[in-house]
Every structure is written in structure tokens, then in C-alpha cells.
Amino acid sequence: MQTKAKILLVEGKRSDRASFQGGLSNKLFMVNSVSSGSAGVAQMAEFEPDIIIVDAASLRSSGKRICSTLHAEAPKIPMILIIESSANAGIESCANVILHMPFTLQKLLNRLKPFLPQDPKNGTSIGPITLDKDTHSVRCLDRQASLTPRLAALLEMLMDHAGKVIPRETLFSKVWETEYTGDTRTLDVHISWLRQAIEDDPRHPRFIKTLRGVGYRLDVEK
């Protein structure tokens with residue numbers, strides 16, 4: 001099953017053709033529409049899109065400069081470029097997919113599909129974090145990493161109690177399956193490894209917070 005994906009749509013407003021925003025929103029995508037590449041860059045960090053669509057045809061542009069600007073800001077995010085049928089010169093490497101007008105909404109949806117995030121068959125998700133329990137892999141924003149079984153168990157417990165402080169001794173006894181909790185330093189090491197897997201800046205963690213003398217808490221927007 002596909003997760004609800006976020007699409008950054010760069011488009012102009014034209015009286016002679018409809019926007020793709022309505023059709024994409026009706027398909028349950030979260031769509032943020034902006035009118036320029038610079039506006040798209042400004043939205044990138046806050047909106048964190050899964051895919052970018054540049055409707056250059058609606059902007060009466062080749063889209064080359066806009067795509068370059070957005071790609072420089074977020075090189076890992078896949079991009080679809082929509083152009084007029086006559087616009088071909090120098091755009092071959094601008095985007096992952098290039099669509100020539102006219103085409104149907106269904107064709108756009110078909111070309112979007114390979115780039116959309118997928119929910120694992122045996123997984124759990126909360127906020128931007130998705131843990132695959134079978135492969136012990138985690139996806140967070142634009143990062144993906146493989147975990148050891150113990151790290152996966154540690155992350156799963158934090159996700160199950162997101163927003164709540166879990167005492168160090170509780171985490172250690174449950175994940176390590178032991179009643180001895182006299183030395184939990186190995187827990188701190190594993191938390192450090194987990195932060196390296198999901199945090200953009202492990203030294204200033206956004207998700208896994210330390211409550212000194214108490215334990216750890218996973219902070220995400222549910």
C-alpha cells in the first residue's frame with residue numbers, strides 16, 4: 001500500500017488550461033502549489049515533498065532553470081517536468097520524467113507511481129519515520145538505513161511510545177531482554193547509532209530526545 005505522498009507543484013495560472021492541483025488532491029496527494037522555482041526552494045525544508053512536479057508549460061518556460069534550481073537544493077527528490085510538445089532542446093537531463101502536453105491525469109499518475117514511497121508489508125510508521133520489521137530498515141524523510149535487529153527493536157519501542165519518556169532501565173530491560181539494569185551505557189551507544197541512522201544532525205537530534213537522568217523520548221508529529 002502506498003503512503004499518502006507529498007507533491008511540490010510548480011505551476012503558473014493560465015486561463016486556457018486547468019491546474020493539476022485539483023486532480024492530484026482528489027487522489028489524496030498532499031499538494032503544495034507554488035508559482036516559481038525560488039518559491040519552491042523556500043517551501044522545501046518545511047513541506048519536505050516526496051516528489052516535485054514542474055509544470056513548465058503553464059509557466060510558458062522550458063523549465064530547465066527551475067529544475068536546476070530545485071535539483072541543486074534537493075538532488076535526491078525525483079522530479080517530473082511538464083512541457084509543451086514543441087519544447088525539446090536541452091531538457092533531456094532536467095528531470096526523471098518529461099511529459100509533453102497534452103496528456104491525461106491518469107498518465108501523470110502512472111508516471112508518478114514508481115517514485116512514491118511504499119509502506120512495508122510488515123511495518124510501522126509514525127510521522128516521517130517508517131520501520132520495516134522484516135528487513136530492519138528505516139526510512140526517515142529522505143534518509144534510509146539498515147539497522148541491526150536490536151536497533152530495530154529499540155526504534156520500534158520508541159515509536160510505540162512516541163511522545164512519552166521511556167526510562168532508561170525500561171528500555172534496556174525490554175530491548176535486551178534482561179532483568180539486570182545496573183549498567184545501561186550500551187543503551188546510550190545504541191541510541192547514538194540510531195540517531196546516525198535517522199537524524200540529519202545526530203549531535204542536535206530532532207527526533208530522539210534525551211531527558212537527562214530519566215530516559216529517552218521520540219518526538220514526532222503524529
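This is a short tour of aromatic pairs, a small sheet and salt bridges, stop by stop. The model is predicted, and residue numbers count from 1 along the chain as its sequence is written.

**Stop 1: the aromatic pairs**

The whole structure holds 2 aromatic pairs. Select F20 and F103 to see one of them. The two rings are stacked. Their centres are 5.4 Å apart, with 5° between the planes.

Now show the backbone around both residues. F20 sits in the loop between β1 (6-10) and α1 (21-26). F103 sits in the loop between β5 (97-100) and α4 (105-112). The two are 83 residues apart, so the pair links distant parts of the chain. Are these rings buried or exposed? F20 has a relative accessible area of 10%, so F20 counts as buried. F103 is buried too, at 14%.

Move on to F172 and W176, another stacked pair. Here the centres are 4.9 Å apart and the planes differ by 20°. Both F172 and W176 are buried.

**Stop 2: a lysine over a ring**

Select K6 and F47. K6 lies over the face of F47. The distance to the ring centre is 5.6 Å.

**Stop 3: a three-stranded sheet**

Switch to cartoon view and pick out β10, β12 and β11. These 3 strands make an open sheet, in the order β10-β12-β11. The pairing is antiparallel. Which strands stand at the edges? They are β10 (166-167) and β11 (208-211). Each has a single partner strand, so one side of each has no neighbour in the sheet.

Zoom in on β10 and β12 (residues 215-218). The two strands run antiparallel and are joined by 2 bridges. To find a bridge partner by eye, select P167: its partner in β12 is G215.

Next, add helix α7 (residues 185-198). Helix α7 lies across β11 and β12. It runs at about 150° to β11.

**Stop 4: the salt bridges**

The model has 7 salt bridges. Three of them are worth selecting here, beginning with E11 and K13.

E11 and K13: the closest N and O atoms are 3.1 Å apart. How accessible are E11 and K13? E11 is buried, with a relative accessible area of 1%. K13 counts as exposed, at 65% relative accessibility.

E156 and K133: their side chains meet in a salt bridge, 3.3 Å from N to O. E156 is in helix α5 (residues 149-160). K133 is in the loop between β7 (129-132) and β8 (137-140). The pair therefore ties together parts that are 23 residues apart in sequence. E156 is partly exposed, at 24% relative accessible area. K133 is partly exposed as well, at 32%.

R217 and D219: this salt bridge brings the closest N and O atoms to 2.6 Å apart. R217 counts as partly exposed at 22% relative accessibility, and D219 does at 21%.

Keep R217 and D219 selected and add K209. Salt bridges with shared partners join K209, R217 and D219 into one network. To place this network, go back to the sheet: β11 covers 208-211, and β12 covers residues 215-218.

Definitions and conventions
This is a predicted model: local features need pLDDT of at least 70, side-chain atom pairs count only at pLDDT 80 or more; totals for chains, interfaces and linings use all residues. Side-chain values use heavy atoms; hydrogens and water are left out. Rings of Phe, Tyr and Trp (its six-membered ring) pair if their centres lie within 6.5 Å; planes under 30 degrees apart count as stacked, over 60 as edge-to-face and the rest as tilted. Helices (H or I, at least four residues) and strands (E, at least two) are DSSP runs, numbered from the N terminus. Buried means under 20% relative accessible area, exposed over 50%, partly exposed in between (1.4 Å probe, protein chains only). A charge sits over a ring if NZ of Lys or CZ of Arg is within 6 Å of the ring centre and within 35 degrees of the ring normal. Two strands pair if DSSP finds at least two bridges between them. Contact means heavy atoms within 4.5 Å. Axes are lines fitted to C-alpha atoms, for helices over the stretch in contact, and angles run from 0 to 180 degrees between N-to-C directions. A salt bridge is a side-chain nitrogen of Lys or Arg within 4 Å of a carboxyl oxygen of Asp or Glu.
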